[in-house]
Amino acid sequence: MKKILFLLISSIILAGCNTTIVSNLEMETIDVNVRANDWQYTHMSDNNYFRCVVDIPEITSNVFDQGEVKVYRKFYDKQNNDFFKHILPDVFHVKENQFLYTITVDYIYGVGWLEFNYRVSDFVYDEGNYMDFAPEAMTFSIVVTKGY
C-alpha cells in the first residue's frame with residue numbers, strides 16, 4: 001500500500017513539473033590569445049595578482065542578464081600533437097623544491113569585457129620581485145550563449 005501511495009504522489013509531482021527544452025540556442029566561441037606581456041600586476045596592498053582585461057563586445061546586456069559566458073583554457077599537448085581545453089577556474093597544485101603552492105586562473109566579466117585573473121597562493125611575488133612570477137602566454141576559448 002505504501003508503494004502504491006508513493007508512486008501515486010510521485011506521479012502527481014512529476015506531472016506538475018514543467019520541462020522547457022530550448023533549441024536553436026545561439027552560441028559563439030571567441031578565441032583569445034593573452035601574451036606574457038599582456039598580464040598586468042595589480043599592486044594591491046594585501047591581495048596582489050595578475051590580470052588581463054579584454055574587450056568582448058559579444059557579451060551584450062542580453063547575454064549578461066539572460067545568457068551565459070563560459071571560459072576554457074586551451075592547452076597544447078606536445079606528446080599527442082593535439083589541443084585540449086579545461087574549464088575555468090583552472091586550479092593546479094605545484095611543488096617546486098620544498099615549496100608548495102596553488103595557481104588559480106579564473107575570470108570575471110561584465111557587459112562588453114572579460115578579465116582573466118592569475119593568482120599564486122603563497123603571494124611570494126609580494127616581495128618586490130613580482131615580475132619573476134608573471135604568467136606565461138595563454139590561450140582561452142570564450143563561449144557566449146545568448147539568452148532569449
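1. Let me start with a local pair. Asp38 and Arg35 make a salt bridge, with 2.8 Å between their closest N and O atoms. Asp38 is partly exposed at 22% relative accessible area, while Arg35 counts as exposed at 52%. Keep in mind as you read on that this is a predicted model.

2. The search of the whole structure turns up seven salt bridges. One that deserves a look is Glu26 with Lys146, where the side chains meet at 3.1 Å, N to O. Glu26 sits in the loop between helix 1 (2-16) and strand 1 (27-34), and Lys146 in the segment after strand 9 (138-145), so this pair ties together parts that are 120 residues apart in sequence. Both ends are partly exposed: Glu26 has a relative accessible area of 38%, and Lys146 has 29%.

3. Now for a salt bridge with buried ends. Asp90 pairs with Arg73, and the closest N and O atoms are 3.3 Å apart. The two residues come from distant parts of the chain, with Asp90 in strand 6 (residues 90-96) and Arg73 in strand 4 (residues 68-77), 17 residues apart. Asp90 is buried at 5% relative accessible area, and Arg73 counts as buried at 4%; the cut-off for buried is under 20%. There is a third member too: salt bridges with shared partners join Arg73, Asp90 and Glu136 into one network.

4. On to the sheets. Four strands make an open sheet in the order 1-9-4-5, with antiparallel pairing. Strand 1 and strand 5 (82-87) are at the edges with a single partner strand each, so each has one side without a neighbour in the sheet. Neighbouring strands here are turned by 30° against each other on average, ignoring direction. If you want to trace one of the pairings, strand 4 and strand 5 are joined in the antiparallel sense over six bridges. As a register check, Lys74 has Lys85 in strand 5 as its bridge partner.

5. Strand 8 (residues 113-120) is worth following along its length. The strand is mostly covered, with six of its eight residues buried. Strand 3 (residues 50-55) runs antiparallel to strand 8 and is joined to it by six bridges; in that pairing you can look for Arg51 opposite Asn117 in strand 8. Strand 7 (residues 99-110) also runs antiparallel to strand 8, here with eight bridges, and Ile108 has Glu115 in strand 8 as its bridge partner. Strand 7 and strand 8 form a hairpin with two residues between them, and Gly112 in the turn has a positive phi of about 90°.

6. A small polar detail next. Asn48 belongs to the loop between strand 2 (40-41) and strand 3. This loop residue is nonetheless buried, with a relative accessible area of 5%. The side chain of Asn48 has a polar contact of 3.1 Å with the side chain of Tyr41.

7. Thr145 lies in strand 9 and counts as buried at 11% relative accessibility. Which residues does Thr145 contact, leaving aside its neighbours within four places in sequence? They are Leu25, Glu26, Met27, Val63, Gly67 and Glu68. Glu26 in that list is the salt-bridge partner of Lys146 from point 2. Thr145 also has Val69 at 6.3 Å, C-alpha to C-alpha, although the two are 76 residues apart in sequence.

8. Finally, the inside. The largest nonpolar core has 27 residues, of which Trp39, Val71, Leu114, Phe116, Phe140 and Ile142 touch the most other members. Strand 1, strand 3, strand 4, strand 7, strand 8 and strand 9 each supply at least two residues of this core. Phe140 makes a good starting point for a look around. Beyond its neighbours within four places in sequence, Phe140 is in contact with Ile30, Asp31, Val32, Val34, Trp39, Val71, Tyr72, Arg73, Lys74, Leu88, Val105 and Phe116. Among them, Trp39, Val71 and Phe116 are also named with Phe140 as core residues touching the most other members. Arg73, another of these contacts, is the buried member of the network in point 3 that pairs with Asp90.

How values were computed: Residues are numbered from 1 along each chain as its sequence is written. This is a predicted model: local features need pLDDT of at least 70, side-chain atom pairs count only at pLDDT 80 or more; totals for chains, interfaces and linings use all residues. Side-chain values use heavy atoms; hydrogens and water are left out. A salt bridge is a side-chain nitrogen of Lys or Arg within 4 Å of a carboxyl oxygen of Asp or Glu. Buried means under 20% relative accessible area, exposed over 50%, partly exposed in between (1.4 Å probe, protein chains only). Two strands pair if DSSP finds at least two bridges between them. Axes are lines fitted to C-alpha atoms, for helices over the stretch in contact, and angles run from 0 to 180 degrees between N-to-C directions. A polar contact is a pair of N or O atoms within 3.5 Å; within protein, one must be able to donate a hydrogen and the other to accept it, and residues adjacent in sequence count only if both atoms are side-chain atoms. Contact means heavy atoms within 4.5 Å. A nonpolar core is a set of buried Ala, Val, Leu, Ile, Met, Phe, Trp, Tyr and Cys residues joined through side-chain atoms within 4.5 Å.
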